[in-house]
Structure formats: C-alpha cells, structure tokens
Amino acid sequence: MPLNQAISIQSMKGPHTVDSLAADFRRLGLEEGMTVIVHSSLRSLGFVCGGPVAVVQALMRVITEEGTLVMPAFSADYSDPSRWENPPVPESWWPVIREAMPAYDPVYTPTWKMGKIVEVFRTMPGVKRSRHPSFSFAAWGREAEAIVEDHSLDFPLGEQSPLARIYERAGWVLLIGVGYDNNTSFHLAEHRLGTRPSHLEGAPMILEGKRQWVTFRDISLMTEQFEEMGKDFERTGKVRLFRIGPGEVRLFPQRAAVDFALEWFRKREERSER
C-alpha cells in the first residue's frame with residue numbers, strides 16, 4: 001500500500017470483531033514479527049464486539065509472539081502533588097499525599113487516563129511492565145523483557161527508556177483514533193535535543209522491601225507542539241493513513257519520526273534565537 005494513501009474501510013454490517021480488526025490491521029501494514037508501540041482510543045473505532053479485549057487480541061494475532069507489542073502504561077497520578085494542575089490540591093495536603101500514597105506496583109497499579117485498551121493489555125498473560133512509578137511501559141512478545149527492563153528512574157522517556165529500545169529495533173508507531181499529541185516517541189527527540197530544562201519529580205516505590213518516596217529528574221515536555229509537528233512529518237510521505245470504522249489510524253516508522261522531530265525542534269530553536 002502506498003504511504004500516505006488513505007483507504008476507507010467499509011465496516012461489516014455487524015460490529016467490528018477480532019477477525020475483522022486483524023484483517024484491517026494487516027491491510028494497514030502490520031505484520032508478524034514487527035515491534036510496534038500503540039496509542040489508542042477505543043471509542044474512535046465505533047462498536048467493537050468484545051471492546052478493548054478484542055482490539056488487544058487482534059493486535060496480538062497479527063504481530064504474534066515473534067513480534068513485540070508495546071503500550072505506554074503511565075500512572076501520572078503517581079507523581080509529586082506540588083506539580084498537580086488538573087486539579088491542583090492544597091499545599092497542606094502535599095505531605096499527607098507523599099506519606100500515604102500506596103507504593104507503585106507494576107502488577108496492580110492502574111494506568112491513569114490512558115484508555116481501556118491499555119488497561120486491558122497490561123493485565124494480559126505474558127505482558128511485562130517496567131518499574132517506573134509514573135511512566136511505565138507494558139510489552140508483550142519476543143523482545144518484551146529487553147524493552148522494559150532497566151527503565152531508568154531519571155529522564156524516563158529518554159535514552160534509558162523503552163522508547164529508546166524501540167528505536168534501536170527499528171520499531172513502528174500505531175495511532176488508533178488519536179492524534180500526534182499522543183505520540184510518546186516524540187519525547188525521545190526532546191531528550192536528545194538536550195536543551196529542555198529539568199526538574200525534580202517524585203513518587204512512592206518499594207525499594208529494598210520498604211515503601212519509600214523517591215525523587216527523580218525529568219525534563220519539561222512540550223507536548224502542545226506535537227500535533228503541528230506530526231502534520232509536518234506526515235507530509236514526508238512516511239505515514240500510512242487508514243480508516244477503521246469512523247476512526248483514523250496511522251502507522252509509521254518510529255525511528256523516522258524521532259529523527260524528524262529532533263530536526264524540527266532544532267530548527268524551531270534556531271528561529272527563536274534569531
């Protein structure tokens with residue numbers, strides 16, 4: 001299928017199923033053995049028989065255990081309350097929250113505002129989840145362990161993150177009904193830019209068998225620029241654009257997207273300095 005060619009898929013007269021979704025994903029370009037990071041909105045697909053379970057099963061069927069399926073499984077509410085904005089909490093609450101919030105556990109700590117597909121995926125048999133309390137990733141398949149292990153506490157979307165491991169493996173990004181502002185891989189380019197200011201974050205973890213409030217460094221992220229940057233990237237012809245039911249679906253090589261984003265950021269900074 002030519003890149004950037006939008007194909008309108010006429011849904012079955014009935015609902016989407018595991019079989020129909022798997023067929024659609026294959027038409028888009030997903031193949032056995034691929035490494036793919038998925039960002040998704042279940043609602044965008046319309047009626048799916050089996051809901052998020054069907055979507056996950058369809059992705060697994062196409063990628064197979066010879067490939068690797070990855071999803072961000074963030075629990076951003078596991079963070080320092082001093083930085084909460086939506087909504088903020090009174091400063092008098094901060095010490096209580098830091099003292100009482102249950103420690104992050106990769107098995108049972110839920111994701112936060114990541115959607116139903118991710119929340120189902122992280123509980124599926126064979127899925128591995130990284131140990132970062134705020135920015136974990138879940139992975140299934142051949143390279144799952146290698147992708148999520150050694151996820152650094154500091155700069156969790158940088159060089160010691162699952163994003164960098166996907167980059168090394170020439171992985172792909174699949175956006176199901178969501179925009180480029182959901183493309184976490186662009187954050188890897190922000191880290192490689194090397195000019196973003198850093199700050200301290202915090203979250204509760206189990207270390208040496210005890211709950212501890214730990215602090216880590218992260219950079220200030222510019223997610224609000226991602227949609228514009230993504231549209232510019234789309235003009236390179238490296239994005240496969242598809243439609244499943246009412247939802248737009250995009251597939252593109254992660255390495256190309258990260259490299260493009262890095263140059264895009266650099267040019268923006270050069271123009272702002274003039």
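Start by selecting His199, which sits in strand β7 (residues 198-207). This is a predicted model, so take every value below as computed from it. With 14% relative accessibility, His199 falls under the 20% cut-off and counts as buried. Show side chains and look towards Arg83: the side chains of His199 and Arg83 make a polar contact of 3.4 Å. Now bring up the rest of the surroundings. Setting aside neighbours within four places in sequence, His199 touches Arg83, Phe216, Arg217, Asp218, Ile219 and Ser220.

Next, step back along the chain to Gly194, in the loop between α7 and β7. Buried or exposed, this Gly194? Gly194 is exposed, at 62% relative accessible area. Check its backbone too: Gly194 follows α7 and has a positive phi, near 75 degrees. If you have a distance tool handy, pick the C-alpha atoms of Gly194 and Arg266; they are 10 Å apart in space, with their positions 72 residues apart in sequence.

Now select helix α7 itself, residues 186-193. Seven of its eight residues are buried, so the helix is largely enclosed by the rest of the structure. The buried ones are Phe186, His187, Leu188, Ala189, Glu190, His191 and Leu193.

From there, jump to Phe226 in helix α8 (residues 226-234). At 0% relative accessibility, Phe226 counts as buried. Which residues does Phe226 contact, leaving aside neighbours within four places in sequence? They are Tyr180, Asp181, Asn183, Phe186, His187, Glu190 and Phe265. You've just met some of these: Phe186, His187 and Glu190 are among the buried residues of α7. For a longer line across the model, go from Phe226 to Ala103: their C-alpha atoms are separated by 32 Å, and the two residues are 123 apart along the chain.

Time for some backbone oddities. Most residues other than glycine have a negative phi, and most peptide bonds are trans. Select Asn86 and Pro87 and look at the bond linking them: it is cis, with omega near 0 degrees. Pro87 lies in the loop between β3 (68-72) and α3 (94-100). Then try Thr64, in the loop between α2 (51-63) and β3. Thr64 isn't a glycine, yet its phi is positive, about 65 degrees. Ala170 is another non-glycine with a positive phi, of about 50 degrees. You'll find Ala170 in the loop between α6 (162-168) and β6 (172-176), and its relative accessible area of 42% makes it partly exposed.

One more helix: select α1, residues 18-28. Val18, Ser20, Leu21, Ala22, Asp24, Phe25 and Leu28 are buried here. Just past the end of α1, Gly29 has a positive phi of about 130 degrees.

Finally, zoom out to the whole chain. You should be able to count nine helices and 10 strands. The C-alpha trace spans about 55 × 50 × 35 Å along its principal axes. How does the radius of gyration fit a compact globule? For 274 residues such a globule would come out near 19 Å, and the protein has 19 Å, which agrees. Buried residues account for 52% of the 274. Of the contacts between residues at least 6 apart in sequence, 71% join residues at least 24 apart. Switch on the surface and you're looking at about 13000 Å² exposed, with carbon and sulfur atoms supplying 51% of it. Colour by charge to finish: the mean positions of the 33 positive and 36 negative charges are 4 Å apart.

Terms used:
Residues numbered from 1 in each chain as written. Predicted model: local features only at pLDDT ≥ 70, side-chain atom pairs only at ≥ 80, totals over all residues. Heavy atoms only, no water. Helix = DSSP H or I, 4+ residues; strand = E, 2+ residues; numbered from the N terminus. Rg over C-alpha atoms; globule rule 2.2 N^0.38 Å. Buried < 20%, exposed > 50% of the residue type's maximum accessible area, 1.4 Å probe, protein only. Contact = heavy atoms within 4.5 Å. Areas by Shrake-Rupley, 256 points an atom, 1.4 Å probe, with all protein chains shown as cover. Lys, Arg positive; Asp, Glu negative; His and termini not counted. Charge placed at Lys NZ, Arg CZ, Asp CG, Glu CD. Polar contact = N/O pair within 3.5 Å; in protein donor to acceptor, adjacent residues only side chain to side chain.
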